[in-house]
Amino acid sequence: MNRLRDEDLGTPAATGAPVTVHVDGREVTVPAGTSVLRAAALSGVDIPKLCATDSVQAFGSCRLCLVEVDGQRGTPASCTTPVADGMRVSTQTPKLARLRAAVMELYLSDHPLDCLTCAANGDCELQDMAGVVGLRQVRYGYDGHNHFDDVRDDSNPYFSYDPAKCIVCSRCVRACDEVQGTFALTIAGRGFDSRVAAGAGEPFLSSECVSCGACVRACPTETLMEKSVINLGLPTRSVSTTCAYCGVGCSFRAELRGNEVVRMVPDRDGGANEGHSCVKGRFAWGYATHAERVLAPMIREKITDPWREVGWDEAIAYTAARFTGIQATYGSGAIGGITSSRCTNEEVFVLQKMVRAAFGNNNVDTCARVCHSPTGYGLKQTFGTSAGTQNFASVEQADVIMVIGANPTDGHPVFASRMKRRLREGAQLIVVDPRRIDLVRSPHVTAAYHLPLRPGTNVAVINAMAHVVVTEGLVDNDFVAARCEEYDTWAAFVSQPECSPEAVEESTGVPAADLRAAARLYAAGPNSAIYYGLGVTEHSQGSTMVMAMANLAMATGNIGREGVGVNPLRGQNNVQGSCDMGSFPHELAGYRHVSDSAVREVFEAVWGTPIQAEPGLRIPNMFAAALDGTFRGLFVQGEDLAQSDPNTEHVKAALSTLDLLVVQDLFLNETAAYAHVFLPGTSFLEKDGTFTNAERRINRVRPVMPPRTGRHEWEVACELATAMGYPMSYGHPSEIMDEVASVTPTFAGVSFAKLDKVGSVQWPCNDAAPDGTPVMHVDGFVRGKGRFVATPYVATDERTTRRYPLLLTTGRILTQYNVGAQTRRTENVVWHDQDVLDIHPADAELRGIRDGDLVELSSRVGRTTLPAKLSDRMTPGVVYTTFHHPVTGANVVTTEYSDWATNCPEYKVTAVQVTPVSRVPAAAPAAAGAEIGAGVAPDGTGGEPAPVAVAAPAGTGSGTDAG
Ligand code: SF4
Ligand code: SF4
Ligand code: SF4
Ligand code: FES
């Protein structure tokens, strides 16, 4: 693949009825509403242009695209003139040539003519257009009033703004408004003084800009340009691939010079992102070549020994021998593996196969255990399949959008931009979240209702919405009668007075009137869509809540067409895929239970080995068994258990008892501190395979360089399995996908060849749906009838007490990702270099805490210190932090409570206390003994510093402690 410039048709596509026009004698038929500029381009005639580009609406400011139209006076701008049936357009006349040259002359009289040394030389539309209009001289000279000395803004770490080169076309402003939806830019000043300004004329870095890069992409000159291009030069080739950060799964063109990545450009043909990106995918890829990458395998006998670098053969032989030895001593069930949602489908499939076939047990689990496992359970119970119902584009048909326990502008930014576009068009928004997230009020978007519920009361809130729907006669009876079952039992359950908004007002903190109004709005639709995140799943009732949302959608008929649905926003890039590939201990690929002998036979025939019928251990069971001494060896593929899993001290205790811990990752992470073997992993720039995003879209991941480690991860798993006595090999990852397709009905039509041909497909993709399935459950649910499940609200055992009177909830921010292993090794740290604790001003005042003070955050299981940030986004009584930085180790305070059905940890509800540790005067460093993450004495006065975060002493409290 080698495409460096996109075709630009000048203005966005229109959707009207067909009309026929003639451009320079060429006939072309286009939808009504199409601009003359676009119609011309579609007919093969390129009209010169500068201020128009097809990713934003036309503006008509540069006057370069003038045309003449038969029967009309003057020379209209073709970008703002819509076609009319029978219109005859001339784009090349002596008059037009004169006018265009004059326009260009004016532009160039105020433009530094340093083309030969300009970073955009060869990739500049101004330069191109000067050539196209045939300008030979600038009559006004260059000595007049100009902007040559305007000061460059290099504050953003990834792109620079050089106002001397700006032609004030406002493409950047429109991109920020229309594509990104941040409205960070304006054209300030008038006439000659007009200039692009970020915010109120401040540097980009301190403005509202979220560094998505849309303006840089839209800029036709070198004014806004990637610093990597300025430093390295323009790319010479490109490879199409997929972002390895969040579950949106944006497609990118990796643009290279030789083998060096120069920039990542979002792909306009990408089904998930259609040319947009966020700061992570667009700019934060430098970790792949970071100096701290480990590139060679390492082993050690004991975790107190120093690492010894070895070759791959020795590492594989050593690991195989140790695993085999453990099994000989403790039995075949004493070892297991954990797959990673950051790896490709092919890498995950091979790893779970290694466990089931070579280890001979089902002790395989995945990091989805700690995020979206309740989604898998809840949607399977109600709809029959463990996946979101819609494609992202579906939101463009939604009339009411309900966002529950998700923060899309930070967690899923490119989808958030799409959602905000729909909201600006008039869709109504309901936000159910303890925090006032950005979406509640952002430029041109205001939620109709924000229900600031108390953490842990999701199920009570959604049941109360269902109560309103049922008792006020808002049910879609036809849909329910035709498509669902077990409705009556459920309806009787939610109709009970104790499910009413009034009954739960006090426990949830949500005013009953607001809840009723929001429920009516959702039921009225006509198209209502639910989008949710980890704020739904990471609860002791995560699975209950997923089923409760499914109930509500079914009761109102909001399933099975565009604009509706129940949609998990997946955290990591391949959470969906890692689950699809059979990473759970009870399910083979395609969510089929291991106890089903017919399913096992399919795999056994292909794999040539028996598969155990009993489900294996989940991650928490592995930890418990390790502490019991019955589980002795673990292979961890790309997951930092010691930072990301709850109750860190418990996790570390379990890891440190293992006889063999194998960690495969890019960097020596926190978990590697307990490892005996470190196998270097590959970054997404080296991987060859597929990721599956939150909308079930299977995207190709193509290598832009060979593995820097010398081995693909799927090769490592094959070699390890082979060394343990189960021969496993593939010639290419496409063969792994072929095997997946052969044993998984929903993937039967998927192959690399197909993906290379069509770009991407959404599963199910098989004979019944050869082009994939953008929207599920259209004619019937996967399980036949949609099943209503009664969802009683059971309060979590995690309660606030006098000792721990606040509730902590956790999440992520835009510029960092998960445990930060990648983003902390990029310039993204300029936006977020430490975790902070958001606390409501009233809670802070009560405790004598000022903004920026270092505070101790303690729960009954642990404590840590971090700076406080006063924020009225918080509900009083609720505090919030992120877990991107190991120095804070926020998960040291989260508890062992978990979802009843799936063991997904209850990260979102922890009873805590916050106490001041030290007051940090402005611009002064933290006092000694009070460093971030350091443990403190129980009285909160500083005390003996402990390394990083620490567990609370035994007996300092329990869930019901009132001390
Ligand atoms: S980078 Fe994105 S958010 Fe920032 S100004 Fe440009 S378009 Fe707006
Ligand atoms: S910065 Fe670029 S896109 Fe924005 S007005 Fe100037 S030239 Fe146009
Ligand atoms: S939205 Fe997600 S997938 Fe897209 S560029 Fe950002 S991190 Fe990558
Ligand atoms: S491209 Fe039409 S006015 Fe600028």
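How do the residues of the shell around ligand 2 divide into nonpolar, polar and charged? Read on to View 2 for that count. This is a predicted model, where local features need pLDDT of at least 70, side-chain atom pairs count only at pLDDT 80 or more, and totals for chains, interfaces and linings use all residues. Residues are numbered from 1 along each chain as its sequence is written, chains are lettered from A and ligands numbered from 1 in the order in which they are written, and side-chain values use heavy atoms, with hydrogens and water left out.

**View 1. Here is ligand 1 with the residues around it.** Among them are Phe 159, Cys 176, Leu 185, Phe 204 and the run from Cys 209, Val 210 and Ser 211 to Cys 212, Gly 213, Ala 214 and Cys 215. A residue makes the list if one of its heavy atoms lies within 4 Å of the ligand. The shell splits into 9 nonpolar, 2 polar and no charged residues. Here Ala, Val, Leu, Ile, Met, Phe, Trp, Tyr, Cys and Pro count as nonpolar, Asp, Glu, Lys and Arg as charged, and the others, Gly among them, as polar.

**View 2. Ligand 2 sits among 13 residues.** The closest are Cys 166, Cys 169, Ser 170, Cys 172 and Cys 219. And the promised count: 9 nonpolar, 3 polar and 1 charged.

**View 3. Now for ligand 3 and its shell.** Cys 243, Cys 246, Cys 250 and Cys 278 are part of it, as are Lys 280 and Pro 413. Helix 7 (279-283) and helix 12 each give two or more residues; helices are DSSP runs of H or I with at least four residues, strands are runs of E with at least two, and both are numbered from the N terminus. By class, this shell has 9 nonpolar, 2 polar and 1 charged residues.

**View 4. This one shows an open, mixed sheet of 7 strands.** Their order is 13-12-28-27-26-14-15, and strands pair if DSSP finds at least two bridges between them. Strand 13 (308-309) and strand 15 (364-366) are the edges, each pairing on one side only. Strand 14 (residues 335-339) runs parallel to strand 26 (residues 633-637) over 4 bridges, with Gly 336 bridged to Leu 634.

**View 5. Leu 224 and some of its company.** Setting aside neighbours within four places in sequence, Leu 224 is in contact (heavy atoms within 4.5 Å) with residues including Phe 159, Tyr 161, Cys 172, Phe 204 and Cys 219.
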